[in-house]
Amino acid sequence: MGFTTRQIHAGVTPDPTTGSILTPIYQTTTFVQASIDEYLDKGYSYSRSGNPTVKALELKLADLEGGVDCSCFGTGMGATTATMLAFLDAGKHAVISDVAYGGTYRLATKVLSRFGIEFTFADTSNVDEVAGAIRDNTAMIFTETPANPTMKCSDIAAISEIAKGAGAIHVVDNTLLTPYYQLPLELGADVSVHSTTKYMDGHNATVGGATISKSEEHGAAIRFIQNSTGSIMSPQVAWLTSQGCKTMSLRMDQQSANAMAIAKFLESHPKVEQVRYPGLESFSQHELATRQASGYGAMAWFEVKGGLAAGKKLMDTIEVWTLAENLGSVESLITHPVTMTHADVEEAERQRVGIIDGLVRLSVGLEDVEDLIGALDKALEGV
Ligand SMILES: Cc1ncc(COP(=O)(O)O)c(C=O)c1O
C-alpha cells in the first residue's frame with residue numbers, strides 16, 4: 001500500500017465496543033485484570049507501560065518508517081534520551097553529528113557526560129571524519145540529517161556501514177524529512193528518532209517524540225528505559241498526533257513546494273547574502289540530498305546582507321511569518337537559532353559548525369506561497 005493510504009489506516013481498527021472509527025482517547029491509569037491467571041490477557045496493565053491510544057500511533061509510525069517496533073515519548077528529547085540510555089553505558093562512546101539539534105548537544109555535553117559516557121562531535125557530512133572518530137569503545141553513531149538548522153546532510157548508508165564495522169548502532173534523527181521523504185532504516189540505520197512535535201503533529205498542537213527500531217531487541221531495550229524512566233506520551237497527544245499523521249504526505253509535499261519557491265526567490269534577491277535549501281542546485285550537498293531522500297523538506301535558512309542587525313530587523317518586522325521556536329507546522333515560522341533554539345550551544349562551537357549569528361531559519365508552512373514571498377519581499381525592503 002502507498003504511504004498516504006498507510007498514514008491514514010495503519011494502526012487503526014474500529015473500536016471493538018462502539019465501532020468508533022477513530023481509536024478513542026483511553027484516558028485511564030490502570031487496566032482491570034480478569035484474574036491473576038489471566039493477567040495481561042488484554043495486553044495492558046498500567047498506562048506508563050502501555051496505553052491503547054498511544055499503541056495505535058506506535059503501530060502507525062512503525063509501519064510508516066518500516067520498523068518492527070515503535071515507542072512514543074512525551075517529547076522528541078525524551079525519545080533521544082531513552083535511545084542514548086538504552087545503548088550507552090558508562091565508559092562507552094558515541095559519535096554525534098556536530099550540527100545536531102541544540103537540545104541533543106546539551107543532553108550529551110551537560111547531562112549524559114556526567115555519567116561517564118563519552119561523546120565526539122564529528123562533521124558527519126564527511127564520512128572519513130566519522131570513520132576517524134570511531135574508538136574501541138564506540139557503541140553509537142547518532143546522525144541528524146538534514147540537520148537543524150544548518151541543513152547539512154549526512155550519508156546514512158555510508159555511516160551505517162561504518163557503524164556495522166565498529167559493532168555500533170546507527171541512530172538517525174529523521175525529524176526534518178519524516179518517513180515520507182526519507183527511510184533511514186531501509187538505508188541501513190538501526191533506529192530512527194523523531195520529534196513528533198514537528199511534521200507528524202503538523203499543527204503546533206503538541207510536543208511528542210518517537211523511536212522506531214529495525215530489531216525487536218533494540219525496541220525492547222528502548223521500551224525498558226522508557227518504562228523505567230517514565231518518559232511516555234499521553235493519550236491525548238497520541239490521539240492528536242495520529243490525526244496529524246493522516247495528512248502528513250500532503251502537507252509535506254505542499255510545504256516543500258512552497259519552500260522551493262521561497263528558496264529560489266531568496267537566492268535571486270539582491271539583499272540576500274546566502275541561502276541554504278537542499279533542493280537548490282547551489283546547495284553543496286544537493287546530489288546526496290537527492291540520492292537518499294525523495295523530497296527536500298520545508299526547512300531553509302538564509303543570511304541577509306548586513307548580518308545579524310539586518311536579520312534581527314527582518315525577523316522583528318516581517319508579517320505573515322511568526323517569530324517562534326518550532327518547525328514543521330502549517331504556520332510558517334521564522335526563528336533566530338543563535339538566540340532561540342541553539343542558545344545552549346557554545347559560541348565557538350556554533351561558529352565552527354556554521355550556525356552563524358545572522359542565520360535566519362525558515363520553517364515553511366502551508367499558507368499561499370505568494371503571501372509568504374510577498375511578506376519576505378516587504379521585510380527585505382525595510383532592512
Ligand atoms: C531535529 C530535532 N530533533 C529533536 C528535537 C527535540 O524535539 P522536542 O522539542 O519535541 O523535544 C528537535 C526540536 O526542535 C529537532 O528539531
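**Exercise 1. Determine how helices H3 and H8 cross in this predicted model, and state the handedness.**

Step 1. The crossing of H3 with H8 is right-handed.
Step 2. Take H3 as residues 76–87 and H8 as residues 216–229. Their axes come within 8 Å and cross at roughly 115°.
Step 3. Angles of 65 to 115 degrees count as roughly perpendicular. H3 is therefore roughly perpendicular to H8.

**Exercise 2. List the residues that make the contact of H3 and H8, then sort them into nonpolar, polar and charged.**

Step 1. H3 brings Ala82, Thr83, Leu85, Ala86 and Phe87.
Step 2. H8 brings Ala221, Ile222, Ile225, Gln226 and Thr229.
Step 3. Sorting gives 7 nonpolar residues, 3 polar and no charged.

**Exercise 3. Work out the strand order of the open sheet and name its edge strands.**

Step 1. The sheet has 7 strands, and its pairing is mixed.
Step 2. Read across in this order: S1-S7-S6-S5-S4-S2-S3.
Step 3. The edges are S1 (69–73) and S3 (118–122), each pairing on one side only.
Step 4. From one strand to the next, the twist averages 20°.

**Exercise 4. Describe how S2 is joined to S4.**

Step 1. Find S2 at residues 93–97 and S4 at residues 138–144.
Step 2. The two strands run parallel, joined by 4 bridges.
Step 3. Look at Val95: opposite this residue stands Ile141 in S4.

**Exercise 5. Find the strands that helix H2 lies across.**

Step 1. H2 covers residues 52–65.
Step 2. The helix lies across S1, S6 (191–195) and S7 (209–213).
Step 3. H2 runs at about 130° to S1. S1 is also an edge strand of the sheet.

Key: Residues numbered from 1 in each chain as written. Predicted model: local features only at pLDDT ≥ 70, side-chain atom pairs only at ≥ 80, totals over all residues. Axes fitted to C-alpha atoms, helices over the stretch in contact; angles between N-to-C directions. Parallel < 35°, antiparallel > 145°, perpendicular 65-115°, else oblique. Left-handed = near helix turned anticlockwise from the far one by under 90°. Contact = placed C-beta atoms within 7 Å. Nonpolar A, V, L, I, M, F, W, Y, C, P; charged D, E, K, R; others polar. Pairing = 2+ DSSP bridges.
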